[in-house]
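Hi everyone, thanks for making the time. I'd like to walk you through a structure that is new to most of us, so please bring it up on your screens.

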Amino acid sequence: ADYVYDGTEHGITVTLTGEDAGNAKVYYSLEKLTDLSAVARLGSASEVCPGIKDVGSKRVYYYVVQSGETSQGGESSEGGASSAVGQLLVSGSKLVNITKAKLTVTANDKAIKMGDSPADDGVTYDGFVPSEDERVLSGTLQYTYDYVKGQIYGSYKIMPSGLTSDNYNIIYKPGVLTVNAVAQDISDKIHVTTVNYVYDGK
């Protein structure tokens, strides 16, 4: 059974059919059991498949047992803790495989003035499963720029990085760093010289 991480639990379901379906029960375990007595000790809670949530591969074992219950200790099930007994009809297993979900981290655009140091304006996340946010990520968010202080005005890239996750495949996308030109005040550098002439026809 293959799933993409979605924050919920997954497992397998064995459906019984045929004449004996009503007289049998299915028990699930994450461990391989070698005999019927071990299956009997699973108890009624194991009639539900164990939930597997996080990314990875786990094998789930199932055991179809002919119905019949007795209390632990061999007495009547009435008032006791019941466990499966009877004939083991069939057993098997199936691998539950959960792969990483895609998470896109895009640097937000930022504008600065020429002469300023490069700067960021955070990131935008796209792909978190419901009820999760950046708090489930590990690592430290970092930024690199293809602009260094003192370069000419224009458009440059902001690239985020540095985050990790067991359940997400993180894809980074750049934002735009706009470096704006700065108008310089050169009034103190302009000098006007007044020259007086007498009309001479020239």
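I'll go from the overall layout to the sheets, and then to a few side chains.

One thing to keep in mind from the start: this is a predicted model. The protein chain has 202 residues, and buried residues make up 25% of them. As for secondary structure, we have 1 helix and 13 strands. If you follow the chain from the N terminus, the elements run β-β-α-β-β-β-β-β-β-β-β-β-β-β. In other words, two strands come ahead of the helix, and strands follow it.

Let's turn to the sheets. Strands of a sheet pair through backbone hydrogen bonds, either parallel or antiparallel. Here is a sheet to begin with: 4 strands in the order β1-β6-β3-β2, forming an open sheet with mixed pairing. Which strands stand at its edges? They are β1, residues 2-4, and β2, residues 24-29, and each pairs on one side only. Direction ignored, neighbouring strands of this sheet are turned by 25° against each other on average.

Stay with β2 for a moment. Its partner β3 covers residues 56-66, and the two pair in the antiparallel sense over 6 bridges. If you want to find the pairing on your screen, look for Tyr28, whose bridge partner in β3 is Tyr62. You can also look for Val26, which has Val64 as its bridge partner in β3. And is β2 mostly covered or mostly open? It is mostly covered, with 5 of its 6 residues buried.

Now for another sheet. This one is also open and has mixed pairing, with 4 strands in the order β8-β13-β11-β10. The edges belong to β8 and β10; each has a single partner strand, so one side of each is left without a neighbour in the sheet. From one strand to the next, the twist averages 25°.

We can walk across this sheet strand by strand. Start at β8, which is joined to β13, residues 175-180, by 4 bridges, and these two run parallel. A pair to look for is Ala111, with Thr178 as its bridge partner in β13. The next step takes us from β13 to β11: 5 bridges join them, and they run antiparallel. Here you will find Lys157 standing opposite Val176 in β13. Then we go from β11, residues 154-164, to β10, joined by 6 bridges and again antiparallel. The pair to look for is Gly139, whose bridge partner in β11 is Leu163.

On to the aromatic side chains. How many aromatic pairs does the model have? The count comes to 4. One of them is Tyr125 with Phe128: the ring centres are 5.4 Å apart and the planes stand at 50°, so the pair is tilted. Another tilted pair is Tyr147 with Tyr156, at 4.9 Å centre to centre and 55° between the planes. What about exposure? Tyr125 is partly exposed, with a relative accessible area of 24%. Tyr147 is buried, at 1%, and Tyr156 also counts as buried, at 13%. Finally, Tyr125 and Phe128 join Tyr5 and Tyr168 in one aromatic cluster.

Next, a residue with an unusual backbone angle. Most residues other than glycine have a negative phi. Now look at Ser131: it has a positive phi of about 80° although it is not a glycine. Where does Ser131 sit? You will find Ser131 in the loop between β9 and β10, the latter being residues 138-145. Is Ser131 buried or exposed? Ser131 is exposed, because its relative accessible area is 81% and the exposed class starts over 50%.

My last stop is on the surface. Met114, Ile152, Tyr153 and Val182 make a nonpolar patch of about 380 Å². Met114 lies in the loop between β8, residues 110-113, and β9, residues 123-126. Its relative accessibility is 32%, so Met114 counts as partly exposed.

To pull things together, we have met two open sheets, one ordered β1-β6-β3-β2 and one ordered β8-β13-β11-β10. Among the side chains, we met an aromatic cluster of Tyr5, Tyr125, Phe128 and Tyr168, and on the surface a nonpolar patch that includes Met114. Thanks for listening!

Key
Residues are numbered from 1 along each chain as its sequence is written. This is a predicted model: local features need pLDDT of at least 70, side-chain atom pairs count only at pLDDT 80 or more; totals for chains, interfaces and linings use all residues. Side-chain values use heavy atoms; hydrogens and water are left out. Patches are made of residues with over 30% relative accessible area and no salt bridge: like charges are joined within 9 Å, nonpolar side chains (Val, Leu, Ile, Met, Phe, Trp, Tyr) within 5 Å. Accessible areas come from the Shrake-Rupley method with a 1.4 Å probe; for residues, only the protein chains shown count as cover. A salt bridge is a side-chain nitrogen of Lys or Arg within 4 Å of a carboxyl oxygen of Asp or Glu. Buried means under 20% relative accessible area, exposed over 50%, partly exposed in between (1.4 Å probe, protein chains only). Rings of Phe, Tyr and Trp (its six-membered ring) pair if their centres lie within 6.5 Å; planes under 30 degrees apart count as stacked, over 60 as edge-to-face and the rest as tilted. Two strands pair if DSSP finds at least two bridges between them. Axes are lines fitted to C-alpha atoms, for helices over the stretch in contact, and angles run from 0 to 180 degrees between N-to-C directions.
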